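Reader: I am in my first year and would like a close look at one part of this structure, the aromatic side chains and what surrounds them. Please go step by step.

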Amino acid sequence: QVKLVESGGGSVQAGGSLRLSCTASGYTYSRGRMAWFRQAPGREREGVASIIPSTGGTFYADSVKGRFTISQDSAKNIVTLQMDSLNPEDTAMYFCAASLRPWYSPGPWSDTATYNYWGQGTQVTVSS
């Protein structure tokens with residue numbers, strides 16, 4: 001059984017940093033993909049960043065490029081999202097997700113329908 005548990009959310013002032021972690025248990029699909037999504041009140045869930053565990057390849061939403069970094073500790077099954085230069089528009093619930101769809105399948109990595117497992121989310125609040 002796959003379980004994803006997020007941690008590291010909190011409140012920070014604009015310009016600050018936070019580091020989110022996702023501990024994955026039971027997810028061993030070698031051709032899959034993991035990602036971070038976020039959802040603000042009244043808005044759709046959107047992809048923030050993705051990583052391919054088998055290759056280390058990373059992908060980012062335009063809105064976070066140059067500010068956020070996704071990485072993995074394969075030995076510990078942890079995916080981390082380092083968030084720097086945060087601004088109030090980054091305020092949202094952040095979710096970790098894992099996909100059983102081969103990473104080389106066509107279509108955007110940020111399609112929520114292609115992810116099979118989700119964590120419970122961790123809140124990030126950025127004040128101005």
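Is Y115 buried or exposed?

Author: This is a predicted model, and what follows is read from it. Y115 has a relative accessible area of 6%. The cut-off for buried is under 20%, so Y115 counts as buried.

Next comes the partner of Y115. A search of the whole structure finds four aromatic pairs. In one of them, the ring centres of F37 and Y115 are 5.1 Å apart and the ring planes are at 80°. Edge-to-face requires an angle over 60 degrees, so the pair of F37 and Y115 is edge-to-face. The two residues come from distant parts of the chain: F37 is in strand β4, while Y115 is in the loop between β9 and β10 (117-118), and 78 residues separate them. F37 is buried as well, with a relative accessible area of 0%.

A further ring belongs to this group. F37, Y115 and W118 are linked into a cluster by ring pairs. W118 also has a charged neighbour: R45 lies over the face of its ring, 4.8 Å from the ring centre. A similar arrangement involves R33, which lies over the face of F59 at 4.9 Å from the ring centre.

Another of the aromatic pairs joins W103 and Y104. Their ring centres are 5.5 Å apart and their planes are at 80°, so this pair is edge-to-face. The surroundings are as follows. W103 is partly exposed, at a relative accessible area of 31%, and Y104 is partly exposed at 46%. Y115 and F37, by contrast, are buried, at 6% and 0%.

Now the nonpolar cores. In soluble globular proteins, nonpolar side chains tend to be buried together. The largest nonpolar core here has 28 residues, and the members that touch the most others are M34, W36, L81, M83 and Y94. At least two residues of this core come from each of β3 (18-25), β4 (33-39), β5 (46-51), β7 (68-73), β8 (78-83), β9 (92-99) and β11 (122-127). F37 and Y115 are placed elsewhere: they belong to a second, separate core of five residues, which also includes A35 and W109.

To sum up, Y115 is a buried residue that pairs edge-to-face with F37, shares a ring cluster with F37 and W118, and sits in the second core.

Definitions and conventions:
Residues numbered from 1 in each chain as written. Predicted model: local features only at pLDDT ≥ 70, side-chain atom pairs only at ≥ 80, totals over all residues. Heavy atoms only, no water. Core = buried A, V, L, I, M, F, W, Y, C linked by side-chain atoms within 4.5 Å. Buried < 20%, exposed > 50% of the residue type's maximum accessible area, 1.4 Å probe, protein only. Helix = DSSP H or I, 4+ residues; strand = E, 2+ residues; numbered from the N terminus. Phe/Tyr/Trp six-rings, centres within 6.5 Å; stacked < 30°, edge-to-face > 60°. Lys NZ or Arg CZ within 6 Å of the ring centre and 35° of its normal.
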